[in-house]
Amino acid sequence: MIAAHPFGDPQTVDISADPADPAVVHVTWKVGAADDLTLLGIELGVLPEDRVLLDGAITYDDGDAALVQRAPQVETYLLDHVAVSSAGEQCPGQLAESGDLIADGADLVFSCAGPVAAASVEVTTLTDLHPAYRTLATGPDGQHQVYGSDAASHDWSLGGTATATSGDTTHTGSSAALQIGGVLGAALLVAVLGTLVARRRRQATVTPTPHP
């Protein structure tokens with residue numbers, strides 16, 4: 001495993017039904033940042049391995065993104081790491097369009113055997129390079145999910161009514177709010193405990209003042 005920068009802008013996927021063909025599912029993938037493309041380029045053999053320094057850090061040039069997104073290996077990589085199935089059957093995919101992978105992303109099109117009301121979508125891009133990577137995903141009717149090395153697949157409703165409210169659904173905003181709330185709560189608890197400990201120490205070291 002080579003070094004990665006998984007703590008910057010996250011990669012994203014947008015999942016949608018095709019308005020003209022109910023048997024087709026679109027998955028648009030965008031990488032998070034330019035150095036992620038450099039890392040991917042090294043992994044795919046598009047960029048030389050000497051970009052990896054002895055301490056594991058990588059160096060990247062401004063032209064790396066253009067080199068990687070034009071490389072044919074990217075299409076194979078994306079189709080190996082993004083998969084769609086419906087009614088238990090895999091839907092064959094192809095790369096329909098790819099441009100600036102940071103701004104525009106790559107549009108993957110999956111053709112299923114029949115109309116898709118619900119689909120299971122697997123995403124393992126970049127998490128195969130480092131388990132700390134996450135993928136923020138959006139779908140129809142405000143559905144949200146977070147992909148990671150421990151959550152490679154999620155179910156999506158594509159039939160027009162949002163049903164992604166099951167127990168394993170993670171709403172990005174709510175999750176962030178809970179995390180922030182947890183951090184603030186922990187900080188407040190530490191402050192209160194610190195105050196109590198300090199107060200007890202002061203009480204324990206106070207020398208009684210004799211009364212005349």
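**Loops and core of a predicted model**

User: Where is Leu126 found?
Analyst: Helices (H or I, at least four residues) and strands (E, at least two) are DSSP runs, numbered from the N terminus. This is a predicted model, in which local features need pLDDT of at least 70, side-chain atom pairs count only at pLDDT 80 or more, and totals for chains, interfaces and linings use all residues. Residues are numbered from 1 along each chain as its sequence is written, and side-chain values use heavy atoms, leaving out hydrogens and water. On that footing, Leu126 is found in the loop between strand 7 and strand 8 (135–138).

User: Is Leu126 buried or exposed?
Analyst: Buried stands for under 20% relative accessible area, exposed for over 50%, and partly exposed for what lies in between (1.4 Å probe, protein chains only). Leu126 has a relative accessible area of 0%, so this residue is buried.

User: And what is the phi of Leu126?
Analyst: Leu126 is a residue other than glycine, yet its phi is positive. The value is near 70°.

User: Ala87 also caught my eye; what is its phi?
Analyst: Ala87 sits in the loop between strand 3 and strand 4 (89–91). With a relative accessible area of 77%, Ala87 is exposed. Although Ala87 is not a glycine, its phi is positive, at about 55°.

User: Let's step back: in what order do the elements of the chain run?
Analyst: The chain has four helices and ten strands. Read from the N terminus on, the order is β-β-α-α-α-β-β-β-β-β-β-β-β-α.

User: How much of the chain counts as buried?
Analyst: The chain has 212 residues. Of these, the buried share is 34%.

User: Which element supplies the largest share of the largest nonpolar core?
Analyst: A nonpolar core is a set of buried Ala, Val, Leu, Ile, Met, Phe, Trp, Tyr and Cys residues joined through side-chain atoms within 4.5 Å. The largest one here has 38 residues, and those with the most contacts inside it include Val13, Val84 and Tyr147. Elements that each supply at least two residues of this core include strand 1 (11–17), strand 2 (24–30) and helix 3 (73–81). The largest share, five residues, comes from helix 1.

User: How far from the C-alpha atom of Val13 is that of Val146?
Analyst: Val13 belongs to strand 1. Its relative accessible area is 2%, so Val13 is buried. Along the chain, Val13 and Val146 are 133 residues apart, but their C-alpha atoms are separated by 9.7 Å.
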